[in-house]
Amino acid sequence: MARPYNVIDADGHVLEPVDIWDKYIDPAFRERAPKIIVDTDGKERLRVGEQVLGSQKGFGVIGAIGSRDHEMPEETMKYIDGRKGGFDPHARIPDMDLDGIDAAFLYPSVGLFSGAIREPKLAAAVCRAYNRWLADYCAPYPDRLFGVAMLPMQSIELAIEEMRFARKELGMCAAFLRPNPYNDRMLHHPDYEVFWNAVEELDVAIGLHEGSSGGMPQVGVDRFETRGAKHIISHTMEMMLAAMSVIWEGVCDRHPKVRIGFLESGGGWIAGWLDRMDRHFDDKGFNDSGLSLRPSELFRRNCWISFEPVERSLSVLADYIGPNKILWATDYPHPDGFFPGAPKMIADRPELSAETKRQILAGGAKGFYKLN
């Protein structure tokens with residue numbers, strides 16, 4: 001009997017064990033494979049070849065789920081001390097059961113920084129190693145854990161090759177990109193046309209997922225100093241620009257079968273952003289888009305967005321874009337994640353109808369990831 005999917009975490013994370021690169025990477029790249037190191041300020045960061053990547057706070061607390069509510073020993077906590085379920089699927093399942101989560105789609109933690117690797121072939125080797133490990137992580141629970149492939153967008157040709165490998169050989173139905181520009185190219189750049197053709201051909205969902213700094217260009221962060229301000233700006237504004245790129249600049253119009261999800265950036269901004277695009281589409285003085293459909297129609301056909309369970313605008317925006325276009329996520333096991341209790345936070349909202357809750361908790365994710 002098929003498992004019912006009533007509660008789906010659309011954006012969970014794994015914690016990549018520090019030894020996976022030795023075990024899974026092509027031996028030719030082993031010496032330059034990712035390694036967690038202690039940086040000059042005492043924080044744990046990632047060394048890949050000659051590059052050192054990581055956020056201001058380092059990787060030490062990346063697995064400290066719920067640290068917004070509990071004091072965590074940030075100065076002494078190490079990456080390997082992260083929540084066990086991030087590293088071990090057998091430990092993750094009881095945590096999912098605690099929240100009544102039927103399935104989780106899994107994105108990287110360390111791998112969020114892979115987009116900053118300068119050498120395309122090294123980036124491709126890192127992605128291949130990660131994807132092979134992730135497939136093994138999910139294998140014991142194939143109806144509950146679903147890996148989202150990491151792609152080396154430093155080379156579009158290599159990215160297509162890896163996406164094809166992940167789809168055909170590993171059975172993954174989704175892949176993720178950072179919304180930030182790779183090689184100064186936005187997602188609508190002409191060079192990406194062959195990529196979007198392959199996305200349609202392979203029927204792969206594309207999740208856009210920002211990370212905290214990590215060596216990639218990030219809009220607006222140069223204007224502020226504090227970590228909180230930079231996090232507010234980068235995660236939302238990079239996603240707004242990515243939405244502009246795929247919607248206004250015609251990716252969705254030219255590729256009607258693509259499925260694109262905007263993740264971990266909040267959801268409240270999308271209504272105003274679509275309204276603004278629609279206004280310019282309707283105004284002959286501004287509409288130089290060449291689109292065949294209004295931007296809001298393209299969003300409803302091709303796109304989904306993830307809301308955080310605490311967002312107060314959820315009910316309004318469910319009416320605006322449709323609850324079937326909404327995803328939700330635990331962000332497990334990251335420190336600002338919602339565990340335990342995220343599904344209950346949605347289920348307990350009195351302003352949402354039973355059908356709206358059903359769509360938010362599972363319907364949106366089923367449509368985006370094509371999970372039956």
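Two strands pair if DSSP finds at least two bridges between them. The views below come from a predicted model.

**View 1. Strand 1 pairs with strand 5.** Strand 5 covers residues 103–107. The two strands are parallel and share 4 bridges. Look for Asp 9: Ala 104 in strand 5 stands opposite this residue.

**View 2. An open sheet is built from 3 strands.** Their order is 1-5-6. The pairing is parallel. Strand 1 (8–13) and strand 6 (145–147) stand at the edges. Each has a single partner strand, so one side of each lacks a neighbour in the sheet. From one strand to the next, the twist averages 30°.

**View 3. Helix 3 packs on the sheet.** This helix spans residues 89–98. Helix 3 touches strand 1, strand 5 and strand 6. Its direction makes about 120° with that of strand 6.

**View 4. Helix 13 lies across strand 1 and strand 5.** Residues 354–369 form this helix. Helix 13 runs at about 70° to strand 1.

**View 5. The largest nonpolar core holds 119 residues.** Six residues touch the most other members: Phe 195, Trp 196, Ile 206, Ile 247, Phe 262 and Tyr 369. Helix 4 (residues 120–138) gives the most to this core, with 12 residues. In soluble globular proteins, nonpolar side chains tend to be buried together.

**View 6. Ile 247 and its contacts.** Neighbours within four places in sequence are left aside here. Ile 247 is then in contact with Cys 252, Leu 274, Met 277 and Leu 291, as well as Pro 295, Leu 298, Phe 299 and Cys 303. Ile 247 is also one of the core residues that touch the most other members.

Notes: Residues are numbered from 1 along each chain as its sequence is written. This is a predicted model: local features need pLDDT of at least 70, side-chain atom pairs count only at pLDDT 80 or more; totals for chains, interfaces and linings use all residues. Side-chain values use heavy atoms; hydrogens and water are left out. A nonpolar core is a set of buried Ala, Val, Leu, Ile, Met, Phe, Trp, Tyr and Cys residues joined through side-chain atoms within 4.5 Å. Buried means under 20% relative accessible area, exposed over 50%, partly exposed in between (1.4 Å probe, protein chains only). Contact means heavy atoms within 4.5 Å. Axes are lines fitted to C-alpha atoms, for helices over the stretch in contact, and angles run from 0 to 180 degrees between N-to-C directions.
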